[in-house]
Amino acid sequence: MPITSKHILISRTDNIGDIVLTLPMAARLKELNPGVRISMLCRRYAADVVRYCDDIDDVVEEEDVGENLYGFLRASDIDTVILAQPNRDLAKAAFFARVKHRIGNARQKVYQLIYCNDRVRFSKGLSENHESQINFEFLRPYGDSHIPTREQIADSYHFSIPVDAGIAAEFAPHAFNLILHTKSNGHGREWPVERYTALAQTLQPGLRIWLTGSADEGKWLEQHAGALLALPHVVNTCGTMSLARLTQFIAQADGLIASGTGPLHLSAAIGQRTLGLFPPTRPMHPGRWAALGKRASNLCTDQPSCQGCEKLRIMTCDCMLAISVQSVLDIVQGWIADRQASPQ
């Protein structure tokens, strides 16, 4: 018998990219449960981005709840918890708080078999689906076995992001504002910074390039990307923005290029022109982690995985080197033409 819910808590306390790829599931839950309230449990650093999503009614910051998950659930009207990311403490708290529906993947962790009563069973490693499509497996207890296409995923994002006047003023003098998010915070294979430099050297008249990333990534660029930072049309903003402001920054720019990292998925989800750069290697390949959005595209070499791909901790390899500057340039030039044809 399919379940119904009145107030759902989706747990996703990991990285921003994983959170973004969970949001289409929330949109579908709204369709399956008219009038349902959806809360998301996430880390504080990601909370403001989640608040921009129209399909999330409340954001619960993990740091505010702390170790009192049981008390939080008992004091709430939450009748369904979806463990979109395994969380032993939450699963146990939901069990003892007598949350009516506790949805978890029984193939992932034994404790989800014990504490969850509306179980699903699937293997991410064996799936040919994209990460965002895989999340729809959690909706089977609702009687919904439909896995949307990647195009349908792109249509399932609903955001309301305020326009920032200061950002608009920074962007206004330039014909095209391109964001390069060169690093991945250790989460993905990276296009070499020398390639970003070559791209930036080619893209000059009327174009402004903005480098984004963490403070540590900014220091890395200072140490290893002097030629890129020395270009007069390149601005290093690493470490200067909160994630909420970065979201506004991306939304008001004209395009973003990155490897498989959170800002890539965020950019695609909010409808920005986005280019993802990927190796062909599982589990990092675009089949699992491509940028999905109405204006998103992805590049990946069609050659077999290189020997460096076996070393999962390295940040770049021959597969990433095989993505040419010209192939990226062709896409950016198409963006520029599109921008000129339809001024914002």
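**Notebook: charge pairs, sheet, cores and rings**

I started with one charge pair: E190 forms a salt bridge with K183, with the closest N and O atoms 2.8 Å apart. I looked up burial for both ends. E190 counts as buried at 6% relative accessibility, and K183 counts as buried at 12%. I note here that the model is a predicted one.

**Entry: other salt bridges**

I asked how many salt bridges the structure holds. The count is 18.

I then took up E61 and R51, whose side chains meet in a salt bridge at 3.0 Å, N to O. I looked up where each end sits. E61 is in strand β3 (residues 58–61) and R51 is in helix α3 (residues 44–51), so the bridge ties together parts that are ten residues apart in sequence. Is each end buried or exposed? E61 has a relative accessible area of 12% and is buried. R51 has 43% and is partly exposed; the cut-off for buried is under 20%, and for exposed over 50%.

I followed the links outward from this pair. R44, D48, R51, E61 and D64 are linked in a network of salt bridges.

Next I looked at R288 and E131, where the side chains meet in a salt bridge at 2.7 Å, N to O. R288 belongs to helix α16 (residues 286–289) and E131 to helix α8 (residues 131–134), so this pair ties together parts that are 157 residues apart in sequence. I checked burial again: R288 is buried, and E131 is buried too.

**Entry: helix α3**

Having met α3 through R51, I looked up its buried residues. They are A46, A47, V49 and V50. What do these buried residues pack against? I found α1 (16–20), β2 (37–42), β3, α14 and α15 as the partners.

**Entry: the six-stranded sheet**

I traced an open sheet of six strands in the order β9-β8-β7-β10-β11-β12, and its pairing is parallel. Which strands stand at the edges? They are β9 (234–236) and β12 (296–300); each has a single partner strand, so one side of each is left without a neighbour in the sheet. From one strand to the next, the twist averages 20 degrees.

I then picked one pairing inside the sheet. Strand β10 (residues 255–259) pairs with strand β11 (residues 274–278) in the parallel sense, over four bridges. For L256 I looked up the bridge partner in β11, and this is T274.

I also noted a helix lying on these strands. Helix α15 (residues 262–269) lies across β7 (176–181), β10, β11 and β12, and runs at about 145 degrees to β11. Helix α15 came up earlier as one of the elements that the buried residues of α3 pack against.

**Entry: nonpolar cores**

I looked for the largest nonpolar core and found 57 residues in it. The residues with the most contacts inside this core are I10, L29, I56 and I82. Which helix gives the core its largest share? Helix α14 (residues 243–252) does, with five residues.

I listed the contacts of I10, leaving aside its neighbours within four places in sequence. I10 is in contact with T22, M25, A26, L29, I38, S39, M40, L41, I82 and A84. Apart from this core lies another, of 32 residues; among them are L180, I257, L329 and V332. As background, nonpolar side chains tend to be buried together in soluble globular proteins.

**Entry: aromatic rings**

I counted aromatic pairs and got eight. One of them is F122 with F138, which is edge-to-face, at 5.3 Å centre to centre and 85 degrees between the planes. F122 is in the loop between β6 (118–120) and α8, and F138 is in the loop between α8 and α9 (150–154); the pair links distant parts of the chain, 16 residues apart. On burial, F122 has a relative accessible area of 8% and is buried, while F138 counts as buried at 1%.

I compared this with Y157 and F159. Are their rings stacked or edge-to-face? The ring centres are 6.1 Å apart and the planes are at 25 degrees, so the pair is stacked; the cut-off for stacking is under 30 degrees. Both Y157 and F159 are buried.

My last look-up was for a group of rings: F95, F96 and Y115 form one aromatic cluster.

Note on methods: Residues are numbered from 1 along each chain as its sequence is written. This is a predicted model: local features need pLDDT of at least 70, side-chain atom pairs count only at pLDDT 80 or more; totals for chains, interfaces and linings use all residues. Side-chain values use heavy atoms; hydrogens and water are left out. A salt bridge is a side-chain nitrogen of Lys or Arg within 4 Å of a carboxyl oxygen of Asp or Glu. Helices (H or I, at least four residues) and strands (E, at least two) are DSSP runs, numbered from the N terminus. Buried means under 20% relative accessible area, exposed over 50%, partly exposed in between (1.4 Å probe, protein chains only). Two strands pair if DSSP finds at least two bridges between them. Axes are lines fitted to C-alpha atoms, for helices over the stretch in contact, and angles run from 0 to 180 degrees between N-to-C directions. Contact means heavy atoms within 4.5 Å. A nonpolar core is a set of buried Ala, Val, Leu, Ile, Met, Phe, Trp, Tyr and Cys residues joined through side-chain atoms within 4.5 Å. Rings of Phe, Tyr and Trp (its six-membered ring) pair if their centres lie within 6.5 Å; planes under 30 degrees apart count as stacked, over 60 as edge-to-face and the rest as tilted.
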